[in-house]
Amino acid sequence: MTNTKAIYEISENEDQLLCTRYQALASNTMDYWVNNSEKPQSMEILTSAISKAAVSKSSTLHLYFHIPFCANSCRFCFIPNERLRKNTASAQRYAESLVKQMKSMLELSKAKELPIASVAFGGGSPDRLGKEIGIVLEYLTNLSGFDHKTEVTCEFALNTVSNDFLDTIGMYPITKVSFGMQTLNEKIRKEMRLFPKPINKLKKITARLKEIAPIINVDIMTGLPGQTLTDVVSDVSFLAGIDGIDAISSHLFIPGESPVLVADILKGTLPKLPNHPMQAKMRLETYASLLRKGWMRKGINTYYNHQEIDPQAMEKINGNEVIPGGRYETFILAAGAQAVSYLPGVRLENLGDIEEWMESIEQGEQPYDLNSCSLAHQKDFALWHFPLKYNGITKELFQELNDTGAVSKDQIDSFHQMIDEGMIFEEENQYVLSLLGEVFLGHIVRALKSPGEGQIVDQHIKQGFNQARELANECV
Ligand SMILES: C[S@@+](CC[C@H](N)C(=O)[O-])C[C@H]1O[C@@H](n2cnc3c(N)ncnc32)[C@H](O)[C@@H]1O
Ligand code: SF4
């Protein structure tokens with residue numbers, strides 16, 4: 001019998017997934033913003049850095065309002081179950097605090113002169129604010145930087161959203177509404193404590209949502225315990241076929257964000273996660289299915305049925321989902337407990353405790369957790385953030401990062417290795433992520449970080465897993 005091995009080139013990394021350097025998908029994709037190097041010594045130093053952050057011709061302004069409340073307890077989610085809205089007074093208090101913080105940040109920052117490129121309401125489930133979300137929308141739409149080009153995205157939970165909330169947001173120019181569906185497999189839904197029969201609810205509400213926003217986005221997930229490739233492909237195909245759904249965001253399940261769920265797997269009370277090669281296929285098939293249907297990537301993990309969407313609405317989409325960014329010069333001002341802001345030379349983390357955050361705002365103090373803030377000038381931002389951008393990085397900007405010493409030789413070497421591995425493609429004027437690169441998105445962001453900052457991210461991810469192990473041990 002012929003030895004077929006003899007006619008193939010030998011690969012040095014045959015055990016690796018799809019011939020990349022990786023044996024698994026990234027275990028975290030959210031924590032690349034963690035950075036507590038160069039901690040500010042005092043609140044005065046921090047506020048002075050906010051006011052000094054320079055606006056340049058490349059600067060854009062993005063606002064984010066974080067609502068860390070939810071009435072659900074999805075098993076994979078780190079947001080604690082906090083109802084809030086049963087109590088209108090507290091919703092009003094939270095909404096007023098959001099406005100107060102955003103006002104003070106804008107007053108302090110030079111970015112107030114810029115047009116507002118995007119606004120996102122994320123969570124948690126912003127619907128927990130009920131009609132009080134109007135307090136924030138009224139403030140926002142009266143800002144001088146808010147105009148007909150500003151993209152406004154609002155998340156909510158499908159099973160808890162109220163008519164009051166929908167009636168209120170319907171009075172403002174919302175570009176996109178977004179809610180989670182995760183999976184349609186009823187067994188997994190039950191195990192993940194998701195509400196049953198989501199399609200019935202969706203059918204009831206779609207026409208109403210279409211009156212509110214030109215784009216309806218659904219969040220789904222891959223890599224859930226017990227999930228199969230068939231589940232993933234049929235979820236994508238079914239949801240993309242529903243009239244009215246214009247965008248799908250597919251999230252890779254991040255165990256590092258879910259210590260409780262990881263502990264349940266370790267205890268054996270939940271099925272294991274799909275194996276690594278299967279996880280990779282799930283990502284690949286999700287993207288490929290959407291591309292085959294003619295949808296396009298315009299966001300970190302979001303694909304749009306762009307031919308069916310009003311071109312003006314499509315034009316507004318920045319493609320940054322609720323985690324904007326882009327480059328050193330970008331301004332992301334974020335209000336709300338736990339929210340994270342970025343300005344050139346400043347990273348701000350708001351107090352995590354909701355009550356403490358509100359009290360601090362009411363007393364006219366700066367509501368930041370100094371220990372988690374940073375005054376590092378992240379001049380390499382555009383390099384490590386590039387995989388999250390649907391339109392890649394221009395060669396001109398890449399060269400500029402090189403010429404100005406913003407990125408190290410290690411970072412450039414990593415970039416070129418990824419070209420060799422087929423994760424980054426070189427086009428005429430830019431570098432873009434390949435489909436393979438999208439599969440390994442989180443890893444690529446990590447690999448393009450400077451060695452020191454990469455270690456901060458690694459430590460953060462490790463902490464998540466250690467927490468899970470401790471929880472599992474406690475329960476055994
Ligand atoms: C944090 S929620 C906020 C919006 C709304 N509450 C919802 O459930 O759609 C946004 C999306 O994040 C995703 N998500 C939540 N926990 C996750 C995790 N541990 N790993 C990956 N994605 C996650 C889910 O797809 C969810 O729909
Ligand atoms: S509905 Fe959204 S915020 Fe609430 S628990 Fe589920 S994923 Fe988390």
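Me: Two strands are taken to pair if DSSP finds at least two bridges between them. In this predicted model, which residue in β11 stands opposite Leu-343?

Reply: Strand β10 (residues 340-343) and β11 are joined by four bridges, and the sense of their pairing is antiparallel. Because the criterion asks for at least two bridges, the two strands qualify as partners, with four bridges between them. The residue in β11 that stands opposite Leu-343 is Val-346.

Me: Which residue in the turn between β10 and β11 has a positive phi?

Reply: The two strands form a hairpin, and two residues lie between β10 and β11. In that turn, a positive phi of about 85° belongs to Gly-345.

Me: Are the faces of strand β11 covered or open, and which residues lie on them?

Reply: Strand β11 covers residues 346-349, and both of its faces are covered. A residue is called buried if 20 or more other C-beta atoms lie within 10 Å of its own, and that description applies to Val-346 and Leu-348 on one side of the strand. It applies equally to the other side, so that both faces of β11 are covered, by Val-346 and Leu-348 on one and by Arg-347 and Glu-349 on the other.

Me: Which strands stand at the edges of the open sheet that contains β14?

Reply: This sheet is built from three strands in the order β12-β14-β13, with antiparallel pairing. Each edge strand has a single partner strand, so one side of each is left without a neighbour in the sheet; the strands in that position are β12 (393-394) and β13 (424-426).

Me: Over how many bridges do β13 and β14 pair?

Reply: Strand β14 comprises residues 430-433, and its pairing with β13 is antiparallel. Within β14, Tyr-431 is the residue opposite Glu-426. The number of bridges over which β13 and β14 pair is three.

Me: How many residues does helix α9 give to the side of domain 1 that touches domain 2?

Reply: The protein chain is divided into domain 1 (43-316) and domain 2 (380-452), and the centres of the two, taken over C-alpha atoms, are separated by 26 Å. Eight residues from domain 1 and five residues from domain 2 take part in the contact. On the side of domain 1, these residues divide into four nonpolar, one polar and three charged. Helix α9 (residues 276-292) gives the most to this side, and its contribution is four residues.

Me: Which strand supplies the largest share of the shell around ligand 1?

Reply: There are 17 residues around ligand 1, and those that come nearest are Gly-180, Asp-219, His-251, Ile-254 and Glu-257. By class, the shell has eight nonpolar, six polar and three charged residues. Both β4 (176-182) and β5 (215-222) supply at least two residues of it, but the largest share, three residues, comes from β4.

Me: How many charged residues does the shell around ligand 2 have?

Reply: The residues around ligand 2 include Cys-70, Cys-74 and Cys-77, together with Asn-72, Ser-73 and Ser-125. Gly-123, Gly-124 and Gly-180 are also among them. By class, the shell divides into five nonpolar and six polar residues, and the number of charged residues is none.

Me: Is Val-445 buried or exposed?

Reply: Val-445 has its place in helix α16 (residues 441-447). Its C-alpha atom lies 6.3 Å from that of His-385, although 60 residues separate the two in sequence. Since 20 or more other C-beta atoms within 10 Å are required for burial, and Val-445 has 24 of them, this residue is buried.

Me: Is Glu-365 buried or exposed?

Reply: Glu-365 is found in the loop between α11 (354-362) and α12 (381-385). From Met-43 it is 322 residues away in sequence, yet 9.4 Å away in space, C-alpha to C-alpha. Because the limit for exposure is 12 or fewer other C-beta atoms within 10 Å, and Glu-365 has 11, this residue is exposed.

Me: What radius of gyration does the protein chain have?

Reply: The protein chain has 17 helices and 14 strands, and its C-alpha atoms fill a box of roughly 80 × 55 × 55 Å along the principal axes. Buried residues make up 46% of the 476 residues. A compact globule with 476 residues would have a radius of gyration near 23 Å, and the chain agrees with this, having 22 Å.

Conventions: Residues numbered from 1 in each chain as written. Chains lettered and ligands numbered in written order. Predicted model: local features only at pLDDT ≥ 70, side-chain atom pairs only at ≥ 80, totals over all residues. Domains from an automatic or database assignment. Contact = placed C-beta atoms within 7 Å. Nonpolar A, V, L, I, M, F, W, Y, C, P; charged D, E, K, R; others polar. Near = placed C-beta within 6 Å. Rg over C-alpha atoms; globule rule 2.2 N^0.38 Å.
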